Amino acid sequence: MSALVPAVPISRPRPFSFPRPRLVTAEILKLRKRRGLVITTFVLTVGVTAVVYAILALLHTANAAKNGPAGGIANLGSSMLVLTMLAGVCASLVGTAAGAGDLSAGVFKELVVTGRSRRALFAARIPGGLAFLLPFVALAYTVAAVASVVFADSLPAPSVGLLAESGAWVLLVSSFWFAVALGLASLLGSRSTTIGILVAFQLAIGSLLAAITMLGVGRDAIPGTALGRLAPHAVRDRAVEGVSPPMSIAVAVLALTLTIAIVLGLGARRTTTRDA
Amino acid sequence: MDTTHPYVVETENLTKRFGDRVAVDGVDLRIPAGSAFGYLGPNGAGKTTLIRMLLGLTSVSSGAVSILGHSMPSGRAQALARVGAIVEEPRFHHYLTGRENLRIAAAAREPEAHTRIDSALERVGLTKRADERVKAYSLGMRQRLGVARALLGDPELLILDEPMNGLDPAGIEEFRLMMRGLVDEGRTVVLSSHLLDEVEKTCDAIAIVDQGKVVVQGSIDELTGDASSVLVATGDDDRAHALLAGYGAERIDGGGLRVPSEDDSTTASINRRLVEAGLDVHRLEPERISLERRFLEITSRLEAAA
């Protein structure tokens, strides 16, 4: 330790940036510095999308008679299915890192002793996590959208309206699973447990429950079903045929809104009451 | 540093229960402003639990807490904005650098906290290592980074729980100087430690806690200082023992005698008696009671009473 020196602030010139709440900026810093998370999120979103279209384009080039063009509406729908599934996994990884990262590192108590309200600490995780996650998803979707037009060849290319609708849906799915992961991780305080629960639900349990007709209207509450109802036609035609129960858009929106409100509410409540 | 509250921490009948177990039992504590205050107790005495209650990390079962004149928990935000703390081991995101960890902590404080990052790093001697990841830091460096983080809020009150853990002797010495420097600036430093010698050297006042209760509280001078006895060593301790039997002399381990002496005239009388008997007096000094001895006296007395 050095000899004592006066506590003189040292100012440094800073590059211009749009003003952001400092807590949100801190959340983004915590996420973007997780090298493994950045690589995984990039690979599962942008990487997989690019590879899928590259393979489809190569197959078409190699044998156009047997393999159709890589682009077009149908392939956009298929790639949206893959992208939303993997983006959901990434959203779970990012959401749990944002929700339980401070706790598992033991840093939560260090933030609580600053006097900043626990509710504010929790709230900052939402925009912070989305600001980290959504650029990856948006970039991956951009790759898919461009490829679906450029490689459409003889197939009908998706319209601007469909592209916009599909993009909004992908972002909605990612944001939804992020919010659920964040709330659940904050509630449970364990990143690994939450990831296990969510991935199992997204990849298997949700589809199984949706297929059980005995559950009746109870199936409307299954997030995957409600998200499927909001999907663009190009996706819905390929994704949920024969599985999803009939559901109005209003019910789907209500189911998703309630799910987010409940899970985030429980996470916020646990954050404000737990021993730090 | 403008400290306007005579006591920076006041607790009244502060109690914490975990089920049937009482971890902190009706503690009344007053920590004077502008001092270094030691909070001592054996392991499991409730030191960290009390600190966690002061900082709002865990709920209070009953009693009242006031920090810097603000009642807790209603005035928590205002109070803790001027408090820096290390509770147990300071924790960090290991994949971030020291500086980035401070940026995260500064984000939860007032905007000016960001401008104090460089000076805080310099103060604890971590400027050159600030841009390395914390996972490469030694335990001592993490302790220093914890202190730097605690200084970001320009605190009136620093609460440090076992801050010298992991420091080598030179680090402890430098840490002590830094603590005194902070007190000289008008800040109050509350130090929880089991290193009694360091607390005695660093602190102005202490409280000793055992089994959740504060058993003694006062200035270091009141609790240590001179005992009512002198230590005597001569060329012939056997003869000296016989000569001073009327004074109540007793032998002590390692040689020499302990002789009760309430005042200087008694000490002079003891010296005269030895010299007139032709004994060479090698040592004649007032016995001091160290904090360690006082601490052990108090805690062992309580153990015997339990």
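## The six-stranded mixed sheet of chain B

In this predicted model, chain B contains an open sheet of 6 strands, arranged in the order β6-β7-β8-β3-β9-β10 and with mixed pairing. The edges are taken by β6 (83-86) and β10 of chain B, each of which has a single partner strand, so that one side of each is left without a neighbour in the sheet. Averaged over the sheet and with direction ignored, neighbouring strands are turned by 15 degrees against each other. Within this arrangement, strand β7 (residues 157-161) of chain B and strand β8 (residues 188-192) of chain B run in the parallel sense and are joined over 5 bridges; B:D161 has B:S192 in β8(B) as its bridge partner.

Two helices of chain B lie across strands of this sheet. Helix α1(B) lies across β3 (36-40), β7, β8 and β9 of chain B, and its direction is at about 145 degrees to that of β7(B). Helix α6 (residues 169-184) of chain B lies across β3, β7 and β8 of chain B, where it runs at about 145 degrees to β8(B).

## The four-stranded antiparallel sheet

Chain B also has an open sheet of 4 strands, in the order β2-β1-β4-β5, and here the pairing is antiparallel. Its edge strands are β2 (21-32) and β5 (70-72) of chain B, each pairing on one side only. Neighbouring strands of this sheet are turned by 20 degrees against each other on average, direction ignored. Helix α1 (residues 47-54) of chain B packs on the sheet as well, touching β1 (7-18), β2 and β4 of chain B, with its direction at about 65 degrees to that of β2(B). Helix α1(B) is thus in contact with strands of the four-stranded sheet and also lies across strands of the six-stranded one.

At one edge of the four-stranded sheet, strand β4 (residues 62-67) of chain B and β5(B) pair in the antiparallel sense over 3 bridges, and B:V65 stands opposite B:M72 in β5(B). The residue B:M72 is also joined to B:P73 by a cis peptide bond, for which omega is about 5 degrees. B:P73 itself is found in the loop between β5 and α2 (76-80) of chain B.

## Positive phi values in chain B

Two residues of chain B other than glycine have a positive phi, and their settings can be described in turn. B:N13, with phi near 50 degrees, has its place in strand β1 of chain B. With 11 other C-beta atoms within 10 Å, B:N13 is exposed. B:Q211 also has phi near 50 degrees, but its place is in the loop between β9 (205-210) and β10 (213-219) of chain B. With 18 other C-beta atoms within 10 Å, B:Q211 is partly exposed.

## Overall dimensions and composition of chain B

The secondary structure of chain B comes to 11 helices and 14 strands, and along its principal axes the C-alpha trace of the chain spans about 75 × 45 × 35 Å. Of its 306 residues, 44% count as buried. Among contacts in chain B between residues at least 6 apart in sequence, 70% join residues at least 24 apart.

## A long helix in chain A and the contact with chain B

Helix α3 (residues 73-105) of chain A has 33 residues and reaches 45 Å from its first C-alpha to its last, which is close to the 48 Å expected at 1.5 Å a residue. The helix nevertheless bends by about 45 degrees at A:G99. Because 25 of the 33 residues of α3(A) are buried, this helix is largely enclosed by the rest of the structure. Just after α3(A), A:G106 takes a positive phi of about 80 degrees.

The contact between the chains takes 32 residues from chain A and 40 residues from chain B. On the side of chain A that touches chain B, the elements that give two or more residues are α1 (22-32) and α4 (108-112) of chain A. Of the elements on this side, α1(A) gives the most, with 6 residues.

## Confidence of the prediction

The model scores ipTM 0.84 and pTM 0.82. Chain B averages a pLDDT of 89, and 96% of its residues score at least 70. Within chain B, confidence is lowest in helix α11 (residues 291-305), at a mean of 73, and highest in helix α3 (residues 98-107) of chain B, at 97.

Note on methods
Residues numbered from 1 in each chain as written. Chains lettered and ligands numbered in written order. Predicted model: local features only at pLDDT ≥ 70, side-chain atom pairs only at ≥ 80, totals over all residues. Pairing = 2+ DSSP bridges. Axes fitted to C-alpha atoms, helices over the stretch in contact; angles between N-to-C directions. Contact = placed C-beta atoms within 7 Å. pLDDT = per-residue confidence, 0-100. Expected span 1.5 Å × (residues − 1). Bend = angle between axes of the 7 residues up to and from the residue. Buried ≥ 20, exposed ≤ 12 C-beta atoms within 10 Å, placed from the backbone.
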